[in-house]
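Here's a quick tour for anyone just getting started with protein structures. Have a look at the model first, then we'll walk through how some helices pack and how the chains relate to each other.

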Number of protein chains: 6
Amino acid sequence: MGTVRLLSDEEASAEALAVFDEIRAARGTDYVNNFWRALAHDPGLLRATWDRLRAVMAPGALDPLVKELIYIAVSTANGCEYCVHSHTAAARAKGMTAEMHAELLAVIGMAAQTNALVTGLQTPVDDMFKADQAP
Amino acid sequence: MGTVRLLSDEEASAEALAVFDEIRAARGTDYVNNFWRALAHDPGLLRATWDRLRAVMAPGALDPLVKELIYIAVSTANGCEYCVHSHTAAARAKGMTAEMHAELLAVIGMAAQTNALVTGLQTPVDDMFKADQAP
Amino acid sequence: MGTVRLLSDEEASAEALAVFDEIRAARGTDYVNNFWRALAHDPGLLRATWDRLRAVMAPGALDPLVKELIYIAVSTANGCEYCVHSHTAAARAKGMTAEMHAELLAVIGMAAQTNALVTGLQTPVDDMFKADQAP
Amino acid sequence: MGTVRLLSDEEASAEALAVFDEIRAARGTDYVNNFWRALAHDPGLLRATWDRLRAVMAPGALDPLVKELIYIAVSTANGCEYCVHSHTAAARAKGMTAEMHAELLAVIGMAAQTNALVTGLQTPVDDMFKADQAP
Amino acid sequence: MGTVRLLSDEEASAEALAVFDEIRAARGTDYVNNFWRALAHDPGLLRATWDRLRAVMAPGALDPLVKELIYIAVSTANGCEYCVHSHTAAARAKGMTAEMHAELLAVIGMAAQTNALVTGLQTPVDDMFKADQAP
Amino acid sequence: MGTVRLLSDEEASAEALAVFDEIRAARGTDYVNNFWRALAHDPGLLRATWDRLRAVMAPGALDPLVKELIYIAVSTANGCEYCVHSHTAAARAKGMTAEMHAELLAVIGMAAQTNALVTGLQTPVDDMFKADQAP
């Protein structure tokens, strides 16, 4: 139902299949979700997206679950149905509880509301918030 | 420079001043930032927004710093200049390091990119991501 | 400061000047605001935009002030600083009171919040809301 | 099909059921739409959202139908399918005619178009539109 | 399933049917797609939209295929499912190859990413990018 | 004025400076624009963004000017002031004429308008537009 067909393993190029295999190994499942099967029409884009996603979502100063919560927040604000579903599932797999999910949604809703209020008010930014005010 | 003037303490109603005082007490500073001074034209909206913000951002299953990161993520996706500035400052006040900020931005950028790719591809949602597939 | 310079009356083409004159006559002021001076680089687009705007914003089943409120709502949701400013000014000129402005902002904020909650929840649309359910 | 299951009356907590009952009473129908059944996983968020929605949408300086039109405008600009459907149904229930709906859509489309033009042109805001220019 | 029913030829007004006939003639097919059948509830809006679309998408300084790619880019950024589908189909009809589609998606994704990074960083615009810096 | 300070050559790390040098060489100018100086706080993100941008914007099935037009379209729809300015300047440097700019803006405005109309109408996607309908 997309703008491109989803490629099966048989249809994917060798370069795309190599990425599919890395996805399977990283996640410990044989299932490759639809996003990657759609991206497989462009093996270079598939490779770049997968490599960058792995690097960005790896543990660092922020832990992987927090990164998933941020991903859900952006996806929700951008209205991306697929992304909200896939990253909500990913966050659950990384330990998001029902209570955490509820608080995440409350913060997202609150931010959307005050974003809209500020935009309607066109409030000027306080000088103290700007980086060049730092000592 | 907004669509309404910022109200000084002298111009604010008693109901609005009461909220200003709670903001000062909660933050341990005499400074009341511009958003609240703009909202003060409607003391009822000011009160409802402040009360709800405090409840939503309080410690819970997610800690306040994580909530601020989520707030920045939504504000960035919504393109709210004021909100990005004010919540980046708030996150720093709650302990966000430069490294955490950099990772936050990398996740926001990654999410924005895959949101756009998925939307351009119109990838159908995998059944396994849907809540009613849960056992 | 835009991506194109604002054209003065002296710089505008005859076709653009004709639109400027209609704007002046319709508004009873000599002032032509910046949007039209930027659009004047493409007299055809200027003409089409002005003509369509006049038709769409004319009194009809909805009165012009209600149409301005809707315009502000869309401009706020789209994060268009210029448009929020210009249509807030226009709404005031058409009779928007401070109380109406405050209620408008409250509705915009509420809608933004529930839009975000619904998107995060991915709530399926109730059958009864769909037009083809109508008797 | 959402990211959380819809809760039936039997599954909802007592606190959530109390909100369901208020919804039924306020609308004169036994039907509780999906948004509230999804929100019911977090009774506190359900309660806060319902209470605030009732306050914001109540008659005031703007009448309830105008508020629904504004709600549709924001929901459309934010691309929220569920919200467009539910608030279009609500507006009809409050008296929106086919002619009013058509004019609403024309204004929403016009605003979206000029929002985009202004953003592409990056037109600077006229001084006269700013609140601090007021006498 | 929309907020209005799709009108058949039998249900459309004479004014709407005249537009349907122009669409058929312009495209060399008897099929009139759903967007126009939904718009037909407001023959004036249908006429204005069709006339303007034809003028805007006609060959000019940019060729029609490039215009379709731009249309897809905007529709993707705005998250409009219908529009992404219909303009991807239109672009293919005008000669968009799979390779061009893949590059289009890569640019859209890249732009979405750097848009988000810039917004999170709130980078000030370089003076040299502004039109009034031009000699 | 951003959320991070812009780093001068003296403040940038060796890894960041290496990217600055590549930017200078690629563009034949000593000037490094603000976006890169802000990103330089995270040399890894700076490197990944620059490398990917170069790959995506290189000549391919689409020529670099068309890619810049698409970039402007996405940036406009996302409301990114900095990006609209920088990519409009880049497009001019690659040959965008005033006439092409005007047509680009007209298409962006038209797309934004019909995106909004479709979303308000919630028009279902025609089967013939879906990829799996292909023979």
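## Helices and copies at a glance

In chain D, α4(D) makes a left-handed crossing as it passes α5(D). Keep in mind that what you're looking at is a predicted model. Below, we start with that helix pair, move on to a pair that joins two chains, and finish with the symmetry and a database record.

**Inside chain D: α4 and α5**

- Helix α4 of chain D covers residues 64-77 and helix α5 of chain D covers residues 81-93, and their axes sit 9 Å apart at an angle of about 165°.
- Angles over 145 degrees count as roughly antiparallel, so α4(D) and α5(D) are roughly antiparallel to each other.
- On the α4(D) side, the contact is made by Leu65(D), Glu68(D), Tyr71(D), Ile72(D), Ser75(D) and Thr76(D).
- Facing them from α5(D) are Cys83(D), Val84(D), His87(D), Thr88(D), Ala90(D) and Ala91(D).
- Sort the residues of this α4(D)–α5(D) contact by class and you get seven nonpolar, four polar and one charged.

**Between chains C and D: α3 and α6**

- Helix α3 of chain C (residues 43-57) and helix α6 of chain D (residues 98-121) have axes that come within 10 Å and cross at roughly 150°.
- That angle is why α3(C) and α6(D) are roughly antiparallel to each other.
- The crossing of α3(C) and α6(D) is left-handed.
- From α3(C), the residues Leu45(C), Thr49(C), Arg52(C), Leu53(C), Val56(C) and Met57(C) meet Ala106(D), Val107(D), Met110(D), Thr114(D) and Leu117(D) of α6(D).
- By class, the contact of α3(C) with α6(D) has eight nonpolar residues, two polar and one charged.

**How the copies are related**

- To put chain A on top of chain B, you rotate by 180° with 0.0 Å of shift along the axis, and the RMSD is 0.0 Å.
- These two copies are thus related as by a two-fold rotation axis.
- Both copies use the same surface, since 100% of the contact residues of chain A recur in chain B.
- Chain F goes onto chain C with a rotation of 120° and 0.0 Å of shift along the axis, again with an RMSD of 0.0 Å.
- This pair of copies is thus related as by a three-fold rotation axis.
- Which residue of chain F comes closest to the rotation axis? That's Gly79(F), with its C-alpha at 3.9 Å.

**What the record says**

- An unreviewed UniProt entry lists residues 43-121 of chain A as "domain: Carboxymuconolactone decarboxylase-like".
- In the model, residues 43-121 of chain A are 84% helix and 0% strand, and the end C-alpha atoms lie 46 Å apart.

Terms used: Residues numbered from 1 in each chain as written. Chains lettered and ligands numbered in written order. Predicted model: local features only at pLDDT ≥ 70, side-chain atom pairs only at ≥ 80, totals over all residues. Heavy atoms only, no water. Axes fitted to C-alpha atoms, helices over the stretch in contact; angles between N-to-C directions. Helix = DSSP H or I, 4+ residues; strand = E, 2+ residues; numbered from the N terminus. Parallel < 35°, antiparallel > 145°, perpendicular 65-115°, else oblique. Left-handed = near helix turned anticlockwise from the far one by under 90°. Contact = heavy atoms within 4.5 Å. Nonpolar A, V, L, I, M, F, W, Y, C, P; charged D, E, K, R; others polar. Least-squares fit on C-alpha atoms with pLDDT ≥ 70 in both. UniProt positions renumbered as here; feature names shortened; annotations may be inferred.
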